[in-house]
Every structure is written in C-alpha cells, then in structure tokens.
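I opened the model to look at two things, a pair of helices and a contact between chains, and I kept these entries as I went.

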Amino acid sequence: MAERRIRVLVGKPGLDGHDRGAKIIARAFRDAGFEVIYTGLHQTPEQIVSAAIQEDVDLVALSILSGAHNTLLPAVKEIMTEKGAADIVLMAGGVIPEDDIPGLKAAGIAEVFTPGTSTETIVGWVRDNITPHA
Amino acid sequence: MTLAERVLDGDIRAAARLMRDIDDRFKSAIEELKTLYPHTGNAYIIGITGPPGAGKSTLVDQIVSAYRKKDLLVGVVAIDPTSPFSGGAILGDRIRMNRHADDAGVFIRSLATRGALGGLSRSTTDVVNVMDAMGMDVIVIETVGVGQDEVDIVSTAHTTVVVMVPGLGDDIQAIKAGILEIGDVFVVNKADRDGAERTARELTTMLEMKHPDADGWAPRVLQTEGARGVGIEELVQEFDAHHIYLKESGALQRLIEERNAKLFADTLREELFETVFGAIKGNGKYDEIVAGMRDKSMDPYSAVQEVMAGRAFS
C-alpha cells in the first residue's frame, strides 16, 4: 500500500549522441526497483526540467560526454530553481574532468560520477541520498 | 491550500504530486479526488492501443501537435510495463514526445503498470480525472504495447484507436477476439512499408463482416506514417467525427456512466479487500486460516465464507 517508489529521470542534455551510458544506468535503476523516465537524446535544459516536474521525480540523472557539462548542468539547476523545483536532486555522470567537479558541486549538482564507476556504486548512492517526497 | 485547490488554481507541481500520491495509493489522494470530481467530465479522451513497436508514441506526438495547432490543451498519460522481477520500470514513451515538454499547453505523465494486466495501470482513470480537472481539452492515453486481450482502454476512453502495422499475420488474426473488436478507429501505421495496403484491406474486410447497427458507428481504417506526420490530419478529423457521433447518438453519456460505474466498482472492490484483509490480519483470523489450511482442517473456500458470514472484519 501507500509506499513511495523512487522516480528518476534519466536523460542526455545537448548535442551528444552517445547514449550507451545513459541506457546502462536506466537499466540498473530499473533493476534496483526504481521507476525511470527515460527522455532520450538532445534535450534542452528547459525540456529536462519540465519533464522532471510533470513526472514528479526525486532525482534527475544526466549523462553528458560532450564537454559542455560546465554550461548545461548549472543551467538545468538554475531552471529548476526558477520553476520552484530546487528540491529535485540533480546528479551527473560522464566524461567530466576531476578539476571541474568542485565547481559543478558548488553550482548545486549533488554528485558527479566519472568513467569506471560501477552501477552498484551509483545505485548505492541513490539509495543513501534520495528520500522520496513525503 | 490543499493539493486539489492548487490543481484547480493551475499549479503544475501540485498536479504532478497528486498523480504520484494516486499512483502510490496514498489515502490522502482520495480526499483530493473528492474535491476534483465535480470539475471533471469536460475533456475528450482518446485511447491509443496496439502491439509494441507499432508506433503508438510517435503517433501520440503527432496527435498532440495537431491539437496544439487548434489551440487546445492536451494531456497525455503514457503507460509502460513494470518489471515483474524488480518492480522497477523504464518509461520510455516520452522519448518520442518530449519536444512538447516545455509547451505550457501540454502535460505528459508516464505511468508504470505496477502489476495491472489490462494494458493500463490501475491509477489511469484517476490520473485522467486530475488532467480533466486541470482543464485539459483533450487527453490521450497510450496503453502498454498490448497483445490480443488487453482491452481495459475501452472503458476508460471515449474513442479507442487500434494501431496496427503491416506484416503482423494473416486475416485470421484479424477476426479473432480481442483488441480488434474494440477499435472505433483503426490505423495502419508505417504505411510506407510493403504490405500496408493489404493489411488495411484485410482489416476493412474484417470490419465489414460485422453487421452494422442502423445508426451505429462504422469504424474505418486509416493509413499513417507517424514519423513523417503523414495522414495525421485525416486521423484527427476522424476523431472529431467520432466525438460528434458520440454526442449526437447519446453514446457519450452512456460511456461516461459506464466509466463512473466502473470507477465506483473498482474503488469499492479495493476498499473492501483492504478493509477485510487488514482486519483479519490484525485480529489473528488470517493466521488461524493459514494454519487451518496447513493441517487441512480448513479449506480456502470455507474460510472466505466464514470471514464474510461472521463479519470477522467489522
């Protein structure tokens, strides 16, 4: 009965056609019992935030390999704040240099996973850090 | 303000949260739905069903565009399956339609089946009611990719659309029972493919075998190419024609009443089960029954009769 299921939006912002990583994460989340809304490729930050709000997700997990992470990820967080959805956790993964991670975290990205991270680690992080809305 | 009041006030986040409360079976959602109920009944509801890969999501995307051109507000409920093993789900219908995400006149919600078998999720009707109360003019429900028998959409939508593609089998498939009996409109999608004409012809022949009612609706077979938007205008015209038919023939009122009756029966069934089951689990009767079946001093049929007769739940 009344029990929250974790809902996650998995998507890829911007001009980046490499979706293997996003699909692996989506599948790992499914196997962990989460409901995953997969929005696919080439999403604008606006589309991602609108979808996250309409779907009432707890977490937005973005995969990004294009190098535009310093622009796109903070943009998503900003639009969330503008639309009164700053409580939705934003997480990212992809080819992101270590040096950029502190700046991204300062911009409100809760966690950044880089290549080589196991899906168990990522699912574990979600379980430890995401409490579904009451 | 309650969630329901915020929904009526046009608050998108409140609507999204209420849909989640409904899906997660929160008791509080019932109170909110009570408030919204008087504000429902205005939307035109279209159900899209058909086998996996027929192109349903792409067609929905095009239908949304067509209605937006007419300046109508559109809600979409898209249903995908829950994994029976993990309870998780990948809801991927948005991939085809997310270009509408930041259009304020469109609200798309993905639902997982969570064990329901009829092609919908059990919260579908309530989620549709929330969209209706939000003021959506048209609500499109996309079912799970169905096989032959998942026909719950009929009791939920005003117009049921069955989407087929060329090459799914011979004409005997088309006269079996099931989803081919439920369509008000039939679509052969991916009509640029070989065999589309033949599939359309076979479907038409099958539909003609049915004796038409005197003033009844005769379903037609349309051809579309969802990915290129071909045939969408004709499809939406057919929806309009069916909607007018429903209103003029009185069938719409009948559908609405059947839908209300079903919602009542479903809610009653669920409440009764939860009440009775919760009570006998709480007072030890359930453990007694399980123990009784173990040593064969009790059988499940007598146990149910006993619970009902003894009002062991009240």
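At roughly what angle do the axes of helix H8 (residues 232-249) of chain B and helix H9 (residues 251-282) of chain B cross? I noted before answering that this is a predicted model. I found that the axes of H8(B) and H9(B) cross at roughly 85° and come within 4 Å. Angles of 65 to 115 degrees count as roughly perpendicular, and I therefore entered H8(B) and H9(B) as roughly perpendicular to each other.

I then looked up which residues make this contact, and listed Leu246(B), Lys247(B) and Ser249(B) from H8(B), with Ala251(B), Leu252(B) and Leu255(B) from H9(B). Sorted by class, the contact of H8(B) with H9(B) has four nonpolar residues, one polar and one charged.

Next I turned to the contact between the chains, to which chain A contributes 30 residues and chain B 28 residues. On the side of chain B that touches chain A, I found that helix H2 (12-23), strand S3 (89-91) and strand S4 (106-112) of chain B each supply at least two residues. H2(B) gives the most to that side, with six residues. By class, I recorded 12 nonpolar, seven polar and nine charged residues on the side of chain B that touches chain A.

My last entry concerns strand pairing across the chains, where I saw that strand S2 (residues 35-43) of chain A pairs with S3(B) in the parallel sense, over three bridges. For Ile37(A), I looked up the bridge partner in S3(B) and wrote down Leu91(B).

Notes
Residues numbered from 1 in each chain as written. Chains lettered and ligands numbered in written order. Predicted model: local features only at pLDDT ≥ 70, side-chain atom pairs only at ≥ 80, totals over all residues. Contact = placed C-beta atoms within 7 Å. Nonpolar A, V, L, I, M, F, W, Y, C, P; charged D, E, K, R; others polar. Pairing = 2+ DSSP bridges. Axes fitted to C-alpha atoms, helices over the stretch in contact; angles between N-to-C directions. Parallel < 35°, antiparallel > 145°, perpendicular 65-115°, else oblique.
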